[in-house]
Amino acid sequence: MPTLVAVPPLTTTEKGVLTAVPNEYRHYFNGRAPVPFTKRRWEFAGEPVSVPLVRAFLETCAAGRDGDYQYVLTLLGAELATNAIRHSRSGEPGQTFVIRVDRGPNGMTVTCRDNGTPLSAMEGDGGPLFAAVPEDRLTAEDGRGLALIDSFATTWGDNGHPSIRKVWFHLAYDLTGSSWPAA
């Protein structure tokens, strides 16, 4: 079983990001067992400073589940957010992305909706959404995050639409289909 490293709480600097969150929604980010929900979503600024807030959001959504589940869900969801910031128009000034969590009877599905392929990629500097092939995962410069999702999520995919992309993963509560327990 892998050794878990605790997700650090928001630092004082990062807590400043919470000032944009209305008081009635602060419970989305407090790390305590959530009010029962079936769907929860939040729109985040497309800036790296948003990633700790994404982690707090996902950690709160998975609160009440065992530590491995909470850790893997947060890890994979933060990877989707990072990809949205680094590889889509959501990372351009003033842009946003949305993280949505759907809780079902067998697990949770996390979807990241970004603002699609940046203009630079449309001009030939980018490529399709893919996970690095297994033999290249440790040395590839891109695609390692999706390789994590491919390995640890029960299932995952994307809508294949270049202008508003939705990348999602489902993680079963018992981690069925995940290589996490064996990692």
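**Notes on helix α3, Gly-46 and the core**

1. Let's start with one residue: Thr-74 counts as buried because its relative accessibility is 2%, which falls under the 20% cut-off. Please keep in mind as you read that this is a predicted model. Thr-74 sits in helix α3, and a polar atom of its side chain lies 2.8 Å from the backbone oxygen of Gln-70.

2. Now the helix around it. Helix α3 covers residues 67-87, 21 residues in total. From first C-alpha to last it reaches 30 Å, close to the 30 Å expected at 1.5 Å a residue. At its start, the backbone nitrogen of Asp-68 has a side-chain oxygen of Asp-66 within 3.0 Å.

3. Is α3 mostly covered or mostly open? It is mostly covered, with 15 of its 21 residues buried. For the protein chain as a whole, buried residues make up 43% of the 183 residues.

4. On to the core, which you may enjoy tracing in the viewer. The largest nonpolar core holds 40 residues, and those with the most contacts inside it are Phe-29, Phe-44, Phe-57, Phe-97, Ile-99, Val-101 and Phe-169. At least two residues of this core come from each of β1, α2, α3, β2 (96-103), β3 (107-113), α5 (144-152) and β5 (166-172). Which element gives the most to this core? That is α3, with nine residues.

5. Phe-29 deserves a look of its own. With its neighbours within four places in sequence left aside, Phe-29 is in contact with Leu-18, Val-21, Trp-42, Phe-44, Leu-53, Ala-56, Phe-57 and Thr-60. Two of these partners, Phe-44 and Phe-57, are also listed among the core residues with the most contacts.

6. Gly-46 is a loop residue worth a visit: it lies between β1 (39-45) and α2 (51-61). Why does Gly-46 count as buried? Its relative accessible area is 5%, so it falls under the 20% cut-off. Its contacts, beyond neighbours within four places in sequence, are Ile-85, Ser-90, Gly-91, Gln-95, Thr-96 and Phe-97. The C-alpha atoms of Gly-46 and Thr-96 are separated by 4.5 Å, although the two residues are 50 apart along the chain.

7. Finally, the overall layout. The protein chain has five helices and five strands, in the order α-β-α-α-β-β-α-α-β-β from the N terminus on. Of the contacts between residues at least 6 apart in sequence, 64% join residues at least 24 apart. The protein chain exposes about 9,700 Å², and carbon and sulfur atoms supply 53% of that area.

Definitions and conventions: Residues are numbered from 1 along each chain as its sequence is written. This is a predicted model: local features need pLDDT of at least 70, side-chain atom pairs count only at pLDDT 80 or more; totals for chains, interfaces and linings use all residues. Side-chain values use heavy atoms; hydrogens and water are left out. Helices (H or I, at least four residues) and strands (E, at least two) are DSSP runs, numbered from the N terminus. Buried means under 20% relative accessible area, exposed over 50%, partly exposed in between (1.4 Å probe, protein chains only). Contact means heavy atoms within 4.5 Å. Accessible areas come from the Shrake-Rupley method with a 1.4 Å probe; for residues, only the protein chains shown count as cover. The expected span of a helix is 1.5 Å times one less than its number of residues. A polar contact is a pair of N or O atoms within 3.5 Å; within protein, one must be able to donate a hydrogen and the other to accept it, and residues adjacent in sequence count only if both atoms are side-chain atoms. A nonpolar core is a set of buried Ala, Val, Leu, Ile, Met, Phe, Trp, Tyr and Cys residues joined through side-chain atoms within 4.5 Å.
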